[in-house]
Amino acid sequence: MKFRIDRKYLKIGFIAFLVIAASICFYYLIFHGDRFSVQIKEIARIVSPVLYGIIIAYLLTPLVNTIENSFLIPLTIKLKKKSAVTDNNRKHIRVISILFTIILVFFFIYGFFSILIPNIVKSVRSISYQFPYYIQNLTKWSAKFLDDNPDIERVVFRLFDEYSEKITDFLNHSIIPQMEVIVRQVSLSMIGLLKALWNFIIGFIISIYVMYNKESFAGQGKKLVFALFNTNTANQLIKDVRFTSDTFIGFISGKILDSFIIGCICFAGTSVMEIPYALLVSVIVGVTNVIPFFGPYLGAIPSAFLILMVNPIKCVYFILFILVLQQVDGNLIGPKILGESTGLSGFWVIFSITIFGGIMGIPGMIIGVPFFAVLYAMIRRFANRLLEKRGLPTETTKYLDVDYIEDNNIFVTRTEKQRKKSFFKVKKSQSDEENSKGEQQ
């Protein structure tokens with residue numbers, strides 16, 4: 001007699017196993033979180049070359065597709081005089097498109113750094129040579145400013161007398177004894193940088209294989225999804241993955257292009273105004289502009305301080321220029337490039353940057369907005385699906401002035417009198433009303 005397993009009980013057992021396993025993981029995470037984080041970091045260190053490869057391939061895939069679909073395939077069809085390319089020709093096209101992509105990226109990076117690094121080195125040398133003069137210049141300007149404003153001078157000297165001793169104690173008892181630890185940490189950071197560079201090289205090699213076989217990997221993933229879930233769930237899951245990919249790649253590529261344009265405009269403006277270290281300042285502003293909302297201010301603060309040491313008046317001009325530039329970026333350039341790639345309001349952008357920046361640091365501030373946009377879209381779709389099952393509308397505007405909903409799904413809105421009701425008005429209790437009526441009688 002052949003032994004058969006009922007799929008119903010097999011499914012129940014599998015779900016029970018997942019629940020028990022999730023409970024054990026949750027307990028371990030709560031009471032042994034430090035060990036868990038160490039293990040996660042170790043696993044991330046081991047698989048980091050593969051992650052680098054996937055990320056590089058993910059970022060370069062749009063360029064590979066553009067070269068392949070817009071140039072190489074039409075050229076092959078024109079040369080072969082056929083309506084479609086064969087599988088063998090498509091493999092050759094893929095190799096050539098990947099090769100062209102690598103060459104273009106390499107020349108772009110090489111050209112960018114060949115122009116940037118000599119100017120940055122020149123600026124850094126100039127800063128190091130003239131730093132005493134900058135300090136002297138800033139000191140003279142500060143002394144003149146305090147002489148012209150005696151009230152501010154008294155406040156500054158009072159604060160200096162109050163905190164100078166504390167600062168001296170902090171330097172003598174905290175910073176100087178920790179110099180050996182700081183040097184050791186810097187050495188370890190250099191070693192870690194070399195390891196990261198080696199992992200990046202391996203990841204770049206892996207990315208070539210990923211880009212070459214991207215359709216095969218995508219097909220295997222879809223095959224696995226359709227094997228594990230029913231058709232409707234699998235279709236929705238594939239749709240969600242595609243939406244996530246489009247949101248991330250659209251936001252990141254658009255933000256990089258936006259930051260490059262802002263850096264070029266900043267360099268042109270600072271060069272016209274003859275602001276010191278125009279190229280170095282523009283690079284700082286352009287790179288930090290990748291971080292939404294807070295990025296421009298993070299780049300403007302050290303740049304303004306650098307200009308302040310050379311010429312305080314030019315520092316004021318630079319701050320005004322950056323404020324105007326960021327307004328142009330936020331209201332004109334950014335929306336034109338990014339469009340509605342995230343669909344988030346200003347509040348949710350700030351919220352996602354704050355939360356993910358606190359969890360993951362600078363990378364979290366960069367990917368926090370598209371990640372939260374995907375999460376926000378999924379929650380919105382889930383809520384809309386539940387509302388549709390109950391026969392309720394999904395438009396948010398329908399719920400703005402709703403007071404309550406009756407049993408037959410009839411919306412009862414608030415009256416004009418209820419809208420204008422004072423927020424601080426306290427409703428009287430029944431005893432208070434009886435006392436007021438007695439007093440009136």
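The second largest pocket in this predicted model holds about 870 Å³ of space. Of the 23 residues that line this pocket, Tyr58, Lys214, Ala218, Val241 and Ser245 are the closest to its centre. The largest pocket offers about 2,500 Å³ of space, and both pockets are described below.

**The second largest pocket**

- Four helices each supply at least two residues of the lining: H2, H5, H6 (214-228) and H7.
- Which helix gives the most to this lining? Helix H7 does, with 8 residues.
- Sorted by class, the lining of the second largest pocket has 13 nonpolar, 5 polar and 5 charged residues.

**The largest pocket**

- About 2,500 Å³ of space lies here, and 50 residues line the largest pocket.
- If you want to find its centre in the structure, look for Leu59, Phe108, Ile109, Ile252 and Ile256, the lining residues closest to it.
- The elements that give two or more residues to this lining are H2 (33-80), H3 (87-148), H5 (179-212), H7 (231-272), H8 (278-288), H11 (346-360) and H12 (362-389).
- Helix H7 gives the most to the lining of the largest pocket, with 13 residues.
- How many residues of each class does this lining have? There are 43 nonpolar, 6 polar and 1 charged residues.

**Helix H7 in both linings**

- Helix H7 is the top contributor to the largest pocket, with 13 residues, and to the second largest pocket, with 8 residues.

Methods. Residues are numbered from 1 along each chain as its sequence is written. This is a predicted model: local features need pLDDT of at least 70, side-chain atom pairs count only at pLDDT 80 or more; totals for chains, interfaces and linings use all residues. Side-chain values use heavy atoms; hydrogens and water are left out. On a 1 Å grid over the protein atoms alone, a cavity is a set of points where a 1.4 Å probe fits but cannot get out, and a pocket is an open set with protein on both sides within 12 Å along at least five of seven lines; lining residues have an atom within 4 Å of a point. Grid points are joined across faces, edges and corners, and a volume is the space filled by probe spheres set on the points. Ala, Val, Leu, Ile, Met, Phe, Trp, Tyr, Cys and Pro count as nonpolar, Asp, Glu, Lys and Arg as charged, and the others, Gly among them, as polar.
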